[in-house]
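With the model open in a viewer, please follow the stops below in order, selecting the named side chains as you go. Each stop says what to select and what is found there.

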Amino acid sequence: MCKLNCSCPNRQLFYYLILTMSENCLFCKIIKGEIPSKKIYEDDDVFAFYDIAPQAPVHFLVVPKRHISTIMDMQPTDCELVGKMLYRAQIIAKELGIEESGARFVFNCKADAGQTVFHIHLHVLGGQVMGWPPFPKD
Ligand code: 5GP
Ligand code: ZN
């Protein structure tokens, strides 16, 4: 493994790939305003907007402004950021009137969970009773 401050081709390739991934990322483009969205909330760290294909009467997404591809890529230094996402999600859920009825807070991660956008996002779904488990039995 190369050192943190080295400039070997491997490390350069690594940073090139990270940059390219975030440049082509749908949610990075939504955060930058390059793709329109129905924004609910924004601060220095997090961005929240309505899902384009709602799966419940209330369905919005909370994302970090910094690109992280999947929950499996989360680092110890991301703990506060992910906490802020969850905190903001519950504030918005209350504002949208689902505090008492409740909601589902979901991170899909990679293929088995059906992740389609590789920039972590917290789904908040509510406004109806949901089933459990969330997948067909057979
Ligand atoms: P995943 O399947 O990765 O957990 O969730 C991705 C979510 O992003 C889906 O619920 C999908 O409807 C939503 N989505 C995909 N493209 C767009 C878009 O361009 N705008 C918005 N607002 N949501 C999107
Ligand atoms: Zn991104």
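Select Glu42 and Lys39 to begin, where the two side chains form a salt bridge whose closest N and O atoms are 2.6 Å apart, the term being used for a side-chain nitrogen of Lys or Arg within 4 Å of a carboxyl oxygen of Asp or Glu. This is a predicted model, in which local features need pLDDT of at least 70 and side-chain atom pairs count only at pLDDT 80 or more, while totals for chains, interfaces and linings use all residues. Residues are numbered from 1 along each chain as its sequence is written, chains are lettered from A and ligands numbered from 1 in the order in which they are written, and side-chain values use heavy atoms, with hydrogens and water left out.

Keep Glu42 selected and add Lys65, with which Glu42 forms a salt bridge at 2.7 Å between the closest N and O atoms. Because Glu42 lies in strand S1 (residues 39-42) and Lys65 in the loop between strand S3 (58-64) and helix H3 (79-95), this pair ties together parts that are 23 residues apart in sequence; helices (H or I, at least four residues) and strands (E, at least two) are DSSP runs, numbered from the N terminus. Lys39, Glu42 and Lys65 are thus linked in a network of salt bridges. Are these side chains buried or exposed? Glu42 is partly exposed at 34% relative accessibility, as is Lys39 at 48% and Lys65 at 25%, where buried means under 20% relative accessible area, exposed over 50% and partly exposed in between (1.4 Å probe, protein chains only).

The count for the structure comes to 6 salt bridges, and another one to select is that between Lys32 and Glu34, at 3.9 Å from N to O.

Next, show the rings of Phe27 and Phe49, which form an edge-to-face aromatic pair with 5.3 Å centre to centre and 80° between the planes. Rings of Phe, Tyr and Trp (its six-membered ring) pair if their centres lie within 6.5 Å, and planes under 30 degrees apart count as stacked, over 60 as edge-to-face and the rest as tilted. The pair links distant parts of the chain, with Phe27 in helix H2 and Phe49 in strand S2 (residues 46-50), 22 residues apart. Phe27 is buried, with a relative accessible area of 5%, and Phe49 is buried at 3%. Adding Phe47 brings in a tilted pair with Phe49, at 5.8 Å centre to centre and 55° between the planes, so that Phe27, Phe47 and Phe49 form one aromatic cluster.

Two charged side chains can then be viewed against rings, a charge sitting over a ring if NZ of Lys or CZ of Arg is within 6 Å of the ring centre and within 35 degrees of the ring normal. Lys38 lies over the face of Tyr50, 5.2 Å from the ring centre, and Arg88 over the face of Tyr41, at 4.0 Å.

Finally, centre the view on the zinc ion (ligand 2). Which protein atoms are its donors? They are Cys25 (SG), Cys28 (SG), His67 (ND1) and His119 (ND1), lying 2.0 to 2.3 Å from the zinc ion, donors being N, O and S atoms within 2.8 Å of the metal (3.2 Å for Na, K and Ca). Cys28 in helix H2 (residues 26-32) and His119 in the loop between helix H4 (110-113) and strand S5 (122-126) are 91 residues apart. Cys28 counts as buried at 7% relative accessibility, and His119 is buried at 0%.
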